Amino acid sequence: MADLINELVWSHSRSRTFAACPRAYWYTYYGSWGGWSRDVPAPIRDAYVQKKLTTRAMWIGTVVHGAAEEGIRRIVGQRPLDLEAAVRTTLTRARNDIEGSRTGDWLQRAAKRTGFREHYYGEPVDPSAWEAAIAEIERQVRGLYENRIFRRIGQVPGRVMEVEELRRFRVGSTEVYAALDVLMADGNGGVVIIDWKTGEAHSNDEIAAQLGVYGIYATQELGVPTDRVKAMHVNLRHAVETTHAVGPAAIEAAREEIEAGVTQMREKLRDVPGNVAEREDYPMVPEGDSRCRWCSFRRSCARET
Ligand code: SF4
């Protein structure tokens, strides 16, 4: 296999990590690079394993998104799952995730399997919290299958254009990654982006930024007119839906945000074409900062206590 090249490609999550802590950003995109191999120095492998860690809250979202993706792919492939089968399969996988992380088996294939920060760091967790997480997954998968948008997709599977496809495209001076939960044709020359939300309410700014990037993709890469892009957020935790038009203003704001963000990221590089970053250029947050308490990299940073 050809060597992978570490490129600076903008994404929403990269931008969030950059804003959260410079050192966490360095570990995520540079200090852990190559750690999927066992033949790397221990600090790189450790950072890679830490980068892969999840938490119960994040994992609920991952598992429910996986159930939605599989459910829609099966609808499109005319092999739909019924609700009880979907719940059974999802919960079996969820329990396997917990067990694989608890025993440490997940480290055999850290790239593909689930490892919890709670286990890695020995965080005290009441056993009932794991059962509560499983119950929340079941509740949300049932909510998904009963949701009117999900049911509507089942009635018009031919309109599904994309499900969780990782797309890479150019915006100004940079490449960008984005993956839409579901992209549907609206039947009138426009598109509807469906975004499942599984956690607490998201800020309007965050939603607008994400939608703007999706809008760039739909207009620039698919040729959809700017006034024909609509987005629906379906919050499965609270059973709430919101619809947004993604207009020229949101798209332009996203272009500006991407350009400004990538400029800041490049300014910290020692070698921009080579995408070379040195750890000392990415400071840790001050000692005692609450961000360290739950950070995945606190072992690499020697900030465990
Ligand atoms: S432990 Fe603290 S300093 Fe280190 S990466 Fe995490 S937030 Fe940043």
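# A guided tour from the S4–S5 hairpin to the ligand shell

Begin by selecting Met 184, whose bridge partner in S5 is Val 192. Strands (E, at least two residues) and helices (H or I, at least four residues) are DSSP runs numbered from the N terminus, and two strands count as paired if DSSP finds at least two bridges between them. The model is a predicted one, in which local features need pLDDT of at least 70 and side-chain atom pairs count only at pLDDT 80 or more, while totals for chains, interfaces and linings use all residues. Residues are numbered from 1 along each chain as its sequence is written, and side-chain values use heavy atoms, with hydrogens and water left out.

**Strands S4 to S7**

Extend the selection to S4 (residues 182–185) and S5; the two run antiparallel and are joined by four bridges. They form a hairpin with five residues between them, and Gly 187 in its turn has a positive phi of about 85°.

Next, display the side chains of S5 (residues 191–197). Seven of its seven residues are buried, so the strand is largely enclosed by the rest of the structure. Here buried means under 20% relative accessible area, exposed means over 50%, and partly exposed lies in between, with a 1.4 Å probe and protein chains only. In a regular strand the side chains alternate between the two faces of the sheet. In S5, Val 191, Ile 193, Asp 195 and Lys 197 point one way, whereas Val 192, Ile 194 and Trp 196 point the other way.

Add S6 (residues 229–235), which runs parallel to S5 and is joined to it by seven bridges. Two pairs may be picked out: Ile 193 stands opposite Ala 231, and Lys 197 stands opposite Asn 235. Six of the seven residues of S6 are buried, so this strand is also largely enclosed by the rest of the structure.

Then select S7 (residues 240–245), which pairs with S6 in the antiparallel sense over six bridges. Ala 231 has His 244 as its bridge partner in S7. The hairpin of S6 and S7 has four residues between the strands, and Ala 239 takes a positive phi near 55° there.

Before leaving the strands, return to Lys 197 in S5. Is Lys 197 buried or exposed? Lys 197 is buried, with a relative accessible area of 10%. Its side chain makes a polar contact of 3.2 Å with that of Gln 210. A polar contact is a pair of N or O atoms within 3.5 Å; within protein, one must be able to donate a hydrogen and the other to accept it, and residues adjacent in sequence count only if both atoms are side-chain atoms.

**Helix H8**

Move to H8 (residues 148–155), where Ile 149, Phe 150 and Ile 153 are buried. Seen down the axis of H8, these buried residues fall within an arc of 100°, so they line one face of the helix; the arc is that of the directions from the helix axis to the C-beta atoms. The face turned away from the buried side carries the exposed residues Arg 148 and Gln 155. At the N-terminal end, Asn 147 caps H8, with a side-chain oxygen 2.8 Å from the backbone nitrogen of Ile 149.

**Ser 32**

Select Ser 32, in the loop between helix H2 (22–31) and helix H3 (42–52). Ser 32 is buried, at a relative accessible area of 1%. Its side chain reaches the backbone oxygen of Tyr 27 at 2.7 Å. Not counting residues up to four places away in sequence, Ser 32 touches Tyr 27, Ile 44, Ala 47, Tyr 48 and Lys 51, where contact means heavy atoms within 4.5 Å.

**Arg 23 and the ligand**

Arg 23 is found in helix H2 and is buried, with a relative accessible area of 10%. Which residues does Arg 23 contact, leaving aside its neighbours within four places in sequence? They are Arg 279, Tyr 282, Pro 283, Met 284 and Cys 301. The C-alpha atoms of Arg 23 and Phe 297 are separated by 8.9 Å, although the two residues lie 274 residues apart along the chain.

Finally, select the ligand. The residues surrounding it are Cys 21, Ala 24, Met 284, Val 285, Arg 291, Cys 292, Cys 295, Arg 298, Cys 301 and Arg 303, a residue being near a molecule if one of its heavy atoms lies within 4 Å of it. This shell divides into seven nonpolar, no polar and three charged residues. Ala, Val, Leu, Ile, Met, Phe, Trp, Tyr, Cys and Pro count as nonpolar, Asp, Glu, Lys and Arg as charged, and the others, Gly among them, as polar.
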